[in-house]
Amino acid sequence: MFAQVSSDDFCVQTLYDRLRQASSGQAGAIVTFTGLVRDMDETPAFEGIELEHYPGMTEAVMGQLVQQTIARFSLTDAGLVHRIGRLDRHEQIVWVGCSAPHRQAAFDGACFMMDMLKQSVPLWKKERVGGTGTWVTPKASDQHAAMRWLKNHEE
C-alpha cells in the first residue's frame with residue numbers, strides 16, 4: 001500500500017511494478033488509471049493548472065482512502081500518487097492502481113478511489129488561462145459520483 005504527493009512527474013511502469021511486487025503473486029488482476037491535465041474547452045489560452053495541498057494532512061487522507069479501498073473491495077494491494085504544483089496541459093496528474101484476486105474488485109476499487117479522491121482529499125486546483133489563475137469549484141458530477149458509492153455502501 002502506498003499513497004504519495006509529489007511535485008515531480010511519475011513513471012507509470014515503475015508504479016505498476018511496485019504494485020505488482022507488493023501483491024506477492026496473490027493478484028489475478030491489476031487495474032491502473034492515469035489522469036492527465038485536460039483542457040475541456042480546448043481553449044487556446046489554457047495554459048494548465050496549479051495544485052495546492054495541505055502538507056501532512058493530504059498524505060494522511062490519501063493513505064486512509066487507500067486503506068479504505070483495500071478493505072471495502074478485498075484488494076490485494078493498492079496505490080495512489082497525486083502531483084501538486086504547476087502542471088501544463090496533458091501532463092500526468094494522478095495515478096491509481098488496485099490489485100485483487102478478481103478483475104471486478106480491481107476495477108471497482110480504482111473507480112471508487114478516483115471518485116472519492118475528488119471529494120475527500122484536501123487538494124485545491126487553479127486553472128491558468130491567458131496568464132490569469134482562477135480557483136476551480138467542485139463539480140456537481142464529482143459529488144454525484146462519490147454519493148453513488150456512499151449510497152451503494154449503505155444498502
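**Exercise 1. Find out why Cys 98 forms no disulfide with Cys 111.**

Step 1. Take the definition. A disulfide is a pair of cysteine sulfur atoms within 2.5 Å.

Step 2. Compare the distance. The closest cysteine sulfur to that of Cys 98 belongs to Cys 111, and it is 9.0 Å away, so the gap is too far for a bond. Cys 111 is likewise in no disulfide.

Step 3. Check the total. The structure holds 0 disulfides.

Step 4. Place both residues by exposure. Buried means under 20% relative accessible area, exposed means over 50%, and partly exposed lies in between, with a 1.4 Å probe and protein chains only. Cys 98 has 0% relative accessibility, so it counts as buried. Cys 111 has 42%, so it counts as partly exposed.

A note on the model: it is predicted, so local features need pLDDT of at least 70, side-chain atom pairs count only at pLDDT 80 or more, and totals for chains, interfaces and linings use all residues. Residues are numbered from 1 along each chain as its sequence is written, and side-chain values use heavy atoms, with hydrogens and water left out.

**Exercise 2. Work out the strand order of the sheet that contains β6.**

Step 1. Fix the terms. Strands (E, at least two residues) and helices (H or I, at least four) are DSSP runs, numbered from the N terminus. Two strands pair if DSSP finds at least two bridges between them.

Step 2. Start with β4 and β6. Strand β4 (residues 77-83) runs antiparallel to strand β6 (residues 92-100), with 6 bridges. Ala 78 has Cys 98 in β6 as its bridge partner. Leu 80 has Val 96.

Step 3. Go to the other side of β6. There, 8 bridges join β2 to β6, again antiparallel. Gly 35 is partnered by Val 94 of β6.

Step 4. Write the order. It is β1-β4-β6-β2, an open sheet of 4 strands with mixed pairing. The edge strands, β1 (2-6) and β2 (29-36), each pair on one side only. The twist averages 5° from one strand to the next. Angles run from 0 to 180 degrees between N-to-C directions, and axes are lines fitted to C-alpha atoms, for helices over the stretch in contact.

**Exercise 3. Locate the helices that lie on this sheet.**

Step 1. Define touching. Contact means heavy atoms within 4.5 Å.

Step 2. Take α1. Helix α1 (residues 12-22) lies across β1, β2, β4 and β6, at about 20° to β6.

Step 3. Take α2. Helix α2 (residues 57-73) packs on the sheet and touches β1, β4 and β6. Its direction makes about 150° with that of β4.

**Exercise 4. Describe the surroundings of Val 94.**

Step 1. Place the residue. Val 94 is found in strand β6. In β6, 9 of its 9 residues are buried.

Step 2. Classify Val 94. Its relative accessibility is 4%, so it counts as buried.

Step 3. List contacts. Leaving aside neighbours within four places in sequence, the contacts of Val 94 include Phe 10, Phe 33, Leu 80, Met 114 and Leu 117.

**Exercise 5. Describe the second sheet.**

Step 1. Read the order. It is β5-β3-β7-β8, an open sheet of 4 strands with antiparallel pairing.

Step 2. Name the edges. β5 (85-88) and β8 (132-135) each pair on one side only. The twist averages 30° from one strand to the next.

Step 3. Look inside. Strand β3 (residues 46-53) and strand β7 (residues 123-129) pair over 7 bridges. Glu 50 stands opposite Lys 126 in β7.

**Exercise 6. Check the length of α3 and find its part in the core.**

Step 1. Compute the span. The expected value is 1.5 Å times one less than the number of residues. For the 18 residues of helix α3 (residues 103-120) that gives 26 Å; the end C-alpha atoms are 25 Å apart, which agrees.

Step 2. Define the core. A nonpolar core is a set of buried Ala, Val, Leu, Ile, Met, Phe, Trp, Tyr and Cys residues joined through side-chain atoms within 4.5 Å.

Step 3. Find its centre of contacts. Of the 35 residues in the largest nonpolar core, Leu 65, Leu 75, Leu 80 and Met 113 touch the most other members. α3 gives the most to this core, with 8 residues.

Step 4. Follow Met 113. Beyond its neighbours within four places in sequence, its contacts include Leu 65, Leu 80, Val 96 and Cys 98.
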